[in-house]
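Got your viewer ready? Let's take a walk through this model, one selection at a time.

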Amino acid sequence: MNQKMSSQLSRKDFGNDFRWGTATASFQIEGAVKEDGRGLSIWDTFSRIPGKIKNNDNADVACNFYHLYENDLALAAQLGFKEFRFSISWSRILPAGTGNINRKGIDFYNRLIDQCLQLKITPWITLYHWDLPQALEDRGGWKNREIVNWFQEYTELCTAEFGDRVRNWIILNEPMAVAGLGYTTGLHAPGKKGLFNFLPVVHHLSLCQAEGGRTVRRNVPGAYIGTAVSCSFVKPYTGSLRDKMAAKRADALLNRLFIEPALGLGYPADAFSYLNNIEKYMQPDDREKLQFDFDFIGIQNYFSVVVKHSWLKPVLWLAEVPASRRNAPATAMGWEIDPEGMYQILQQFSKYKGIKDIIVSENGAAFKDVLSNGQIEDSERTAFFQQYLYNILRAKQDGVNVKGYLAWSLTDNFEWAEGYAARFGLVHIDFDTQERTVKNSGKWFADFLNAEK
Ligand code: FCB
């Protein structure tokens, strides 16, 4: 990667209509978990179980965004971002998941949206960013097909309340993480383990992804509708046929599983025959119901993945070869820094005929930040952003229809099972005092975005 070229990036290279913003998620920032009638989510429950979250952290306060949103939006504006992505906490507006509406929860999102508009920042709503109401988990959560109706009720409410001012909608955030981490390995809430959960959860997520799109389309005239998928460019460890086949299986799971049914291509069982078993959960007409004509697809790419064949891992028959074992550069999460992988994955997605626009709806990096003399000199993070942006620009110049970039994240926050240990923000938070300090990477963005065109 050419470091010199990436540090000379200019905003105008991306064009005047390219959209620049930051992305956040309700549970990771809001705090105020017991205020104003909010119901419990699966993450409240999960983070109370000792040993599930690093340092046994919880998100009871998090960034206190529920109270400090004006301050944080002002910071976003100061850094030059014109788009702000946030998610709705389902249990804040429907404490039991369905039924009774909590007006105070709706009022919060109205204040947040109005404050964005006041600052000339465009709001983007994510409907589901992992914080399922606990009351719905108690009824089977994503394993229960009833969730399609529950999600519909929730989406109807969101569109009715916010659709007059919000045009940009993301239906699901990284459904693969929900199915894989939440219901199969149990590393995320609700902490369910077992392969038998995987396929029904995948199918119900896919159905909601499309049904959610249809509901927003019906209710919000002129909406710009997308869904956000995690993706990683997958490389085989060696050139052996076995490793290549392993890479194809990993690619099917990591990159194709949720986009292909939406495009009408069905589940990618051609590369991973185990997926044929999903037929068990299919009802007549489901294949059609899985399709939705999204206006954009949100690509969330943080790292690339190298895999090899492994006899030790039944079903998948593959193992990841982590960056540390290959002496590859990595972030504090151990995620391989591979800017070229961003270019490759954008190319891969742009080959689908049915994809119209692409928005990079998350990208960013955690590093060990040190606050010293009121400064955070996070040059590694700045270089990360520059190199990834450089590759997004290359892809755009090579014909990929990428229309925007949302950095993860505006501030440090509650990083799921990593608690507060992993810091992804452009703005540092002291979680004892809630003091905000713009990191040097944030200052770089401000210079980049606020430069004269
Ligand atoms: C993504 C999640 C987001 C955050 C980043 C680091 O997978 O969507 O909430 O955790 O990773």
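Before you select anything, here is a way of sorting residues that will come up at several stops: Ala, Val, Leu, Ile, Met, Phe, Trp, Tyr, Cys and Pro count as nonpolar, Asp, Glu, Lys and Arg count as charged, and the others, Gly among them, count as polar. Keep in mind, too, that what you have on screen is a predicted model.

**Stop 1: a pocket to try out the classes**

Select Phe233, Val234, Lys235, Pro236, Lys244, Ala247, Lys248, Asp251 and Gln348, and you have the lining of the second largest pocket. Two elements each give two or more residues to this lining: β6 (234-236) and α11. Of these, α11 gives the most, with 4 residues. How many nonpolar, polar and charged residues does the lining of the second largest pocket have? Colour your selection by class and you should find 4 nonpolar, 1 polar and 4 charged residues. The space in the second largest pocket comes to about 160 Å³.

**Stop 2: the ligand**

Now click on the ligand. Which pocket does the ligand take up? The space it fills is the largest pocket.

Next, show the residues around the ligand: Gln28, His129, Trp130, Asn173, Glu174, Gln300, Tyr302, Glu362, Trp408, Glu415, Trp416 and Phe424. Sorted by class, this shell has 5 nonpolar, 4 polar and 3 charged residues.

Turn on distances for three of these residues:

- Glutamine 28 has a polar side-chain atom 2.8 Å from an oxygen atom of the ligand.
- Histidine 129 also places a polar side-chain atom 2.8 Å from a ligand oxygen atom.
- Asparagine 173 has a side-chain N or O atom 2.9 Å from an oxygen atom of the ligand.

How much of the ligand's accessible area does the protein cover? On its own, the ligand has 300 Å² of accessible area, and the protein covers 95% of that.

**Stop 3: the pocket around the ligand**

Zoom out a little to take in the largest pocket, which holds about 1,500 Å³ of space. Its lining is made of 49 residues, and the closest to the pocket's centre are Ala177, Leu181, Leu254, Phe303 and Glu320. Colour the helices and strands that give two or more residues to this lining: α9, α10, α11, β8 (305-309) and β9 (318-320). Which element gives the most to the lining of the largest pocket? That is α9, with 4 residues. By class, the lining of the largest pocket has 29 nonpolar, 13 polar and 7 charged residues.

**Stop 4: backbone oddities**

Go back to two residues from the ligand shell, Glu174 and Trp408. Glutamate 174 lies in the loop between β4 (168-173) and α9. Check its backbone angles: phi is positive, about 40°, although glutamate 174 is not a glycine.

At tryptophan 408, look at the peptide bond to serine 409, which is cis, with omega near 5°. Serine 409 lies in the loop between β13 (402-408) and β14 (427-430).

Which residue is joined to alanine 189 by a cis peptide bond? Select proline 190, where omega for that bond is about 5°. You will find proline 190 in the loop between α9 and α10 (195-219).

**Stop 5: the enclosed spaces**

Finish with the cavities. A search of the whole structure finds 5 cavities of 30 Å³ or more, and the largest cavity has a volume of about 60 Å³. To see its lining, select Glu174, Pro175, Met176, Val229, Ser230, Leu253, Leu254, Asn255, Arg256, Leu257, Phe258 and Ile259. The elements giving two or more residues to this lining are α9 (175-183), β5 (224-230) and α11 (241-256). Here α11 gives the most, with 4 residues. The class count for the lining of the largest cavity is 8 nonpolar, 2 polar and 2 charged residues.

Before you close the viewer, pick out Glu174 once more: it is one of the residues around the ligand, and it is also one of those lining the largest cavity.

Terms used: Residues are numbered from 1 along each chain as its sequence is written. This is a predicted model: local features need pLDDT of at least 70, side-chain atom pairs count only at pLDDT 80 or more; totals for chains, interfaces and linings use all residues. Side-chain values use heavy atoms; hydrogens and water are left out. A residue is near a molecule or strand if one of its heavy atoms lies within 4 Å of it. A polar contact is a pair of N or O atoms within 3.5 Å; within protein, one must be able to donate a hydrogen and the other to accept it, and residues adjacent in sequence count only if both atoms are side-chain atoms. Accessible areas come from the Shrake-Rupley method with a 1.4 Å probe; for residues, only the protein chains shown count as cover. On a 1 Å grid over the protein atoms alone, a cavity is a set of points where a 1.4 Å probe fits but cannot get out, and a pocket is an open set with protein on both sides within 12 Å along at least five of seven lines; lining residues have an atom within 4 Å of a point. A molecule sits in a cavity or pocket if more than half of its atoms lie within 2 Å of its grid points. Grid points are joined across faces, edges and corners, and a volume is the space filled by probe spheres set on the points.
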